[in-house]
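Visitor: Please put the model up, and I will ask about its fold and its charged pairs.

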Amino acid sequence: SKMKYELKIKGKSIDIPPKELDLLYFLASNYNRVFTRDALLDKVWGFDYLGDSRTVDVHVRTLRQKLGPAGNYIETVRGIGYKIGGEKE
């Protein structure tokens with residue numbers, strides 16, 4: 001059976017597409033590791049994905065909006081990519 005994932009913030013269920021959830025899960029499971037957009041495309045979308053790295057930016061932006069204040073945990077690492085966690089610069 002296919003796993004069903006659900007994102008809840010303060011007990012409230014958040015409607016979130018599978019790819020956004022995959023991205024959030026991947027970043028959270030690699031706490032404090034920085035990934036380039038290309039690395040995220042490989043790991044989350046798969047090697048055969050032909051989209052452009054801006055796809056990652058769009059997903060991160062919508063994730064941040066949906067997560068509200070918790071969205072601040074997804075950090076942009078200037079000139080590199082994204083990470084979750086660790087010390088604020």
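Visitor: Among contacts between residues at least 6 apart in sequence, what share joins residues at least 24 apart?
Guide: This is a predicted model, in which local features need pLDDT of at least 70 and side-chain atom pairs count only at pLDDT 80 or more, while totals for chains, interfaces and linings use all residues. Residues are numbered from 1 along each chain as its sequence is written, and side-chain values use heavy atoms, with hydrogens and water left out. A contact means heavy atoms within 4.5 Å. Among those between residues at least 6 apart in sequence, the share joining residues at least 24 apart is 47%.

Visitor: In what order do the helices and strands follow along the sequence?
Guide: Helices (H or I, at least four residues) and strands (E, at least two) are DSSP runs, numbered from the N terminus. The protein has three helices and five strands. Read along the sequence, their pattern is β-β-α-β-α-α-β-β.

Visitor: What is the radius of gyration of the protein?
Guide: The radius is taken over C-alpha atoms, and the globule rule is 2.2 Å times the number of residues to the power 0.38. For 89 residues that rule gives 12 Å, and the value for this protein is close to it, so the protein is as compact as a globular protein of that length. The radius of gyration is 13 Å.

Visitor: Which residues of helix 3 are buried?
Guide: Buried means under 20% relative accessible area, exposed over 50%, and partly exposed in between (1.4 Å probe, protein chains only). The cover over the buried residues of helix 3 includes strand 1 (7-9), helix 1, helix 2 (37-45), strand 4 (74-77) and strand 5 (81-84). The buried residues are Thr-55, Val-56, Asp-57, His-59, Val-60, Leu-63 and Leu-67.

Visitor: How far apart are the end C-alpha atoms of helix 3?
Guide: The expected span of a helix is 1.5 Å times one less than its number of residues. With 14 residues, helix 3 should span 20 Å, and the model agrees with this. The end C-alpha atoms are 20 Å apart.

Visitor: Which residue forms a salt bridge with Arg-54?
Guide: A salt bridge is a side-chain nitrogen of Lys or Arg within 4 Å of a carboxyl oxygen of Asp or Glu, and the structure holds four. The partner of Arg-54 lies three residues away in helix 3, about one helical turn, and the closest N and O atoms are 2.3 Å apart. That partner is buried, at 10% relative accessible area; the residue is Asp-57.

Visitor: Which residues do salt bridges that share partners join into one network?
Guide: The bridge between Arg-54 and Asp-57 belongs to this network. Its members are Arg-37, Arg-54 and Asp-57.

Visitor: Which residue meets Glu-20 in a salt bridge?
Guide: The N to O distance in this bridge is 3.0 Å. The pair links distant parts of the chain, from helix 1 to helix 3 (residues 54-67), 46 residues apart. Glu-20 is buried at 7%, whereas its partner is partly exposed at 32%; that partner is Lys-66.

Visitor: Where do Lys-19 and Asp-22 both lie?
Guide: Their side chains meet in a salt bridge at 3.7 Å, N to O. Lys-19 is partly exposed at 29%, and Asp-22 is partly exposed at 35%. The two are three residues apart, about one turn, in helix 1 (residues 18-29).
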